[in-house]
Amino acid sequence: MSDREDDLRVLLDEASGTGQDRVLQPDDTWATGRRRRTRKRAGAGALGVVALAAVGGLVWQTVLGGSDGSDEIGVATLPAGSTTFVLAAPDATADPPEAPDGLQVPSAEELEGTDWMLRDEIWASDQTSAEVVGSAAETTFSFAGQDLPARGWGFGADDCGGGWFQEGLTLTDAGAFPPGDLATDDQGCLEPAQTAEDFWIDVLSHGGSLHQLGDEWLLLSVDTSWAGVEEPPPVSGVGLARLDFVRVGADPAGVDTSLPERAPSNEELAGTGWTLLEWVDGGGVLGDLTDDPSRLGLRWADDFPDTLVLAYDDCELVTVRTEGVDATGGTVPAEGVETVVEADGQCTGAETASPVLMEAFLNPAQFTLVGDDLLVLRLSLPASDTVRD
Amino acid sequence: MVTTDPAYSEFVLSQQSRLRRAARLMCGDPDLAEDLLQEALVALAEKWESVTHPEAFVRTVIYRQRISWWRRSRHEVVSDPVPERVVGDGAEARARDAEVHAVLRSLPPRQRAALVLRYFEDLTEAQTAEVMGVAVGTVKSLCHQAVARMRSELVAPQTVGRDEE
């Protein structure tokens, strides 16, 4: 531990006060918590359909989940790197199994009209769902059926907060459901429901996967790192560009664009190279800069965080000295941007493109990953006639 | 009559002071911090039998609730500085504490939480990542940015976390 880190610790320690100017009595918080627990247990028999109905104004029929196994789509495995929550059918009595024997991908049709309660257990973890979500709200997931008044699926928390996809559930052969927007309304719920609502909307909107274990258990795998993360800015308007790069050596046809978009870590970017696959340059700015944007490439230095280089064929258009990416993939900050283009006529158009890209990287650019092989770069491209010398 | 679990009582009485201080650093408002802590302790009572790590649970609840409240308010509560300990005549210490809180308030909630968990609660990067539900790399990034801001905004910036570089 360094002396300077100690200095920071001392500053925080002193600024936090003593913490002893108030006292919470454990008997009071205990009594409140246990009353809340008792009330929820008494209401649990009604199951949380009411929650979603309250949120969405929907009346969803409660039908027990279950499958005779005849509609098994395929034996499946849980996705690596995700947090897997355990959901129980209303009549589940035992503890969830410890081994995923018989794990399968349910069909969306099988889930129609079913409701599932979020359990405390997290699959293959010693954490509980309340510890991960940060809320003790009773949470129910419900799937509407084709014959019901509403399509879609979603969750309700403490019979108040909730969110739902307005489109019907679709699952890939691997059990993945796509990212999408969840509808909700803000009813001013009590705190546990509010926190749970925010958490689930954040993570579910980035997709995930569903697997079933027998008739009683549904496993919901999501990337919890999306909780609390502000959304990447949409690409719209003149000059706002989105560049999708594919990893050098990866098969573009094999890139699964349905995977959730996430912020990369610096370690994931170090030493990688990328070539442009698709782009949206919001007004043709990028097309004005280069004859063929698909010849743009990007590489991160091995000794990252240090530099990233945007090149056109072999011409390095711009070199960005950055301190890496932040939690939302934003470059931190572009402290040094330089062009290394030599005016020798070998790099056609580079003299125009380089200053524009340089200017663009002076504003934080944002990188996100889709799966492992698709890197999305968002940046604001100024018109070339506005770029300062 | 509800009988309080003795282990719960012991936890609340022994830990609330430190948890309160962490909550104050996270939100910068003593009253809001008290509400955060109280709600987290109520949630702990509700889930007491299934919670294996009470401290981690309470920290996570405080963190998630703080994010949720910030989302809904979209602005920071500007309030009086947190009551500070008195050292000497206290004027210099109060001024420095107010300055620290002002910089903390200027940080985005996730950066602030990462900073408090790492440098006040003394959690490891892995433990901080677990509380926040993010990757260790994200914690590194958040702390890096937060320390950089603290360093640049505070008077005598050369004394703050320089070895983060």
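Visitor: In strand 4 of chain A, which residue is the bridge partner of Ser142(A)?

Guide: Gly154(A) is the partner of Ser142(A). Keep in mind that you're looking at a predicted model.

Visitor: What makes strand 3 and strand 4 of chain A a pair?

Guide: Count the bridges! Strand 3 (residues 139-143) and strand 4 (residues 153-157) of chain A share five of them, in the antiparallel sense. A pair needs at least two bridges, so these strands pass. In general, strands of a sheet pair through backbone hydrogen bonds.

Visitor: How do you know which strands are at the edges of their sheet in chain A?

Guide: Start with the strand order of this open sheet of nine strands, which is 6-8-9-1-2-3-4-5-7 in chain A, with antiparallel pairing. Strand 6 (176-177) and strand 7 (182-183) each pair on one side only, and that makes them the edge strands.

Visitor: What makes strand 6 of chain A a partner of strand 8 of chain A?

Guide: Two bridges join strand 6 and strand 8 of chain A in the antiparallel sense. The cut-off is at least two, so strand 6 and strand 8 do count as a pair. One spot to look at is Ala176(A), which stands opposite Ser209(A) in strand 8.

Visitor: And why is strand 8 of chain A called largely enclosed by the rest of the structure?

Guide: Five of its six residues are buried, so strand 8 of chain A earns that description. To be buried, a residue needs 20 or more other C-beta atoms within 10 Å of its own.

Visitor: Where does strand 8 of chain A pair over five bridges?

Guide: With strand 9 of chain A, again in the antiparallel sense. Gln212(A) has Leu218(A) of strand 9 as its bridge partner. The hairpin of these two strands has three residues between the strands, and there Gly214(A) takes a positive phi near 65 degrees.

Visitor: Which helix of chain A lies across strand 8 and strand 9?

Guide: Helix 6 (residues 191-204) of chain A does, and it also lies across strand 3, strand 4, strand 5 (161-165) and strand 7. Its angle to strand 5 of chain A is about 20 degrees.

Visitor: How do you know that strand 14 of chain A has a strand on either side?

Guide: Look at its bridges. Strand 14 (residues 307-312) pairs with strand 13 (residues 296-300) of chain A over five bridges, and six bridges join strand 14 to strand 15 (residues 315-321) of chain A. Both pairings are antiparallel. Val309(A) shows this nicely: Arg299(A) stands opposite Val309(A), and Val309(A) stands opposite Thr319(A) in strand 15.

Visitor: Over in chain B, how many helices and strands are there?

Guide: Chain B has seven helices and zero strands, whereas chain A comes to nine helices and 18 strands.

Visitor: Why are helix 5 and helix 6 of chain B called oblique to each other?

Guide: Helix 5 (residues 109-120) and helix 6 (residues 125-132) of chain B pack at about 135 degrees, with their axes 9 Å apart. Over 145 would be roughly antiparallel and 65 to 115 roughly perpendicular, so an angle of about 135 degrees falls in the oblique class. The crossing of helix 5 and helix 6 of chain B is right-handed.

Visitor: What makes two residues of that contact between helix 5 and helix 6 of chain B charged?

Guide: Their residue types. Ala113(B), Ala114(B), Leu117(B) and Arg118(B) of helix 5 meet Glu125(B), Thr128(B), Val131(B) and Met132(B) of helix 6. Arg and Glu count as charged, so Arg118(B) and Glu125(B) are the two. The rest of the tally is five nonpolar and one polar.

Visitor: Which residues of helix 5 of chain B meet helix 1 of chain B?

Guide: Arg112(B), Ala113(B), Val116(B) and Phe120(B) do, facing Ala22(B), Leu25(B) and Met26(B) of helix 1. By class, that contact has six nonpolar, no polar and one charged residues. Arg counts as charged, so the charged one is Arg112(B). Helix 1 passes helix 5 of chain B in a right-handed crossing.

Visitor: How many residues make the contact of chain B with chain A?

Guide: Chain B gives 66 residues and chain A gives 58. On chain B's side, helix 1 of chain B brings the largest share, eleven residues. By class, that side has 30 nonpolar, 19 polar and 17 charged residues.

Definitions and conventions: Residues numbered from 1 in each chain as written. Chains lettered and ligands numbered in written order. Predicted model: local features only at pLDDT ≥ 70, side-chain atom pairs only at ≥ 80, totals over all residues. Axes fitted to C-alpha atoms, helices over the stretch in contact; angles between N-to-C directions. Helix = DSSP H or I, 4+ residues; strand = E, 2+ residues; numbered from the N terminus. Left-handed = near helix turned anticlockwise from the far one by under 90°. Contact = placed C-beta atoms within 7 Å. Buried ≥ 20, exposed ≤ 12 C-beta atoms within 10 Å, placed from the backbone.
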